[in-house]
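Work through the exercises below with the coordinates open. Each one has a task sentence and a solution in steps.

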Amino acid sequence: MEEYKSLKIIQKSPNSLVYYLYLNRPTHLNALSRDFFTEFPKAISSLDQNPNVAVIILAGSGKHFCSGIDLQTLGDIFKESDSVDCGRKVERLRRHIKFLQEAITALECCRKPVIAAVHGACIGGAIDIITACDIRYCSSDAFFSVKEVDLAITADLGTLQRLPSIVGFGNAMELALTGRRFTGSEAKDLGLVSKLFTSKEALEEGVKVVAEEIATKSPLAVIGTKAVLLRSRDLTVEQGLDYVATWNSGTLLSDDLKEAISAHSQKRKPKFAKL
């Protein structure tokens, strides 16, 4: 398995279809470096293409999930030759922002479900990351902030696009404009996380149980559910129904359906082929 500077991939149980992807710069509070934006989409793609992976758990090494974008990464945007004209500077900056955005959007492009397990700090760019994940959980020590406004930045890696559909437009506006810190308990009340666990240990165990449960289900049904939900987010109900009808016309008549029906009638657990 490929080695990364900013990440770590672990399969904790030999026969498990659940893999862990860790943000792995604990001495820097897992701040998002230039290496991260290069490595993250590669790591996500490698897990997506691995038939032995059914579910991905995204977590942070050390005391915090992620403290946001590394200030050195931000500083790189000012390293531009004065000999380059304004138009080209602007075009290069736009291209750089798109490069950063694509790293985060890799989470949605991944067919497999990605579960965010948040403990400690989840600041700025970390909110971009978790809002692109499919399910979010946190421990009681977690705290959050849409911090970009305090750095004179309009958040541009996905929070302003994804957060409103998760917590509501008004709540997203308030959090983004104030940049205030909010607790894991408030994150649960807002709907940003699905469940709040009493400790990091309880979070790890609880998320593992959820991930292992999802991993037992038909992989075709799981990736289809993710794909249809994400696509339907931007469609009318009628368009969404048409999309899922087309999707299922291509995948419904599979061995998975036969196995699910057979297992149900025989009162046993189904066994599905890997993707």
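**Exercise 1.** Determine which residues of strand S6 are buried on each side.

*Solution.* The model is predicted. Start from the general pattern: in a regular strand, side chains alternate between the two faces of the sheet. On one side of S6 are Ile135, Tyr137 and Ser139, and on the other are Arg136 and Cys138; all are buried, so both faces are covered. The strand spans residues 135-139, and five of its five residues are buried, so S6 is largely enclosed by the rest of the structure.

**Exercise 2.** Find the strands that pair with S6 and the residues opposite Cys138.

*Solution.* Step one: strand S4 (residues 114-118) pairs with S6 in the parallel sense, over four bridges. In this pairing Val118 stands opposite Cys138. Step two: strand S9 (residues 195-197) also runs parallel to S6 and is joined to it by three bridges. Here the residue opposite Cys138 is Leu196.

**Exercise 3.** Count the disulfides, then check Cys110 and Cys138.

*Solution.* The cut-off is a pair of cysteine sulfur atoms within 2.5 Å. By this rule the count is zero. For Cys110, the nearest cysteine sulfur belongs to Cys109 and lies 8.9 Å away, so Cys110 is in no disulfide. For Cys138, the nearest cysteine sulfur is that of Cys122, at 8.8 Å, and Cys138 is likewise in no disulfide.

**Exercise 4.** Decide whether Cys110 and Cys138 are buried or exposed.

*Solution.* Buried means under 20% relative accessible area. Cys110 has 2%, so Cys110 is buried. Cys138 has 0%, so Cys138 is buried.

Notes. Residues numbered from 1 in each chain as written. Predicted model: local features only at pLDDT ≥ 70, side-chain atom pairs only at ≥ 80, totals over all residues. Heavy atoms only, no water. Buried < 20%, exposed > 50% of the residue type's maximum accessible area, 1.4 Å probe, protein only. Helix = DSSP H or I, 4+ residues; strand = E, 2+ residues; numbered from the N terminus. Pairing = 2+ DSSP bridges.
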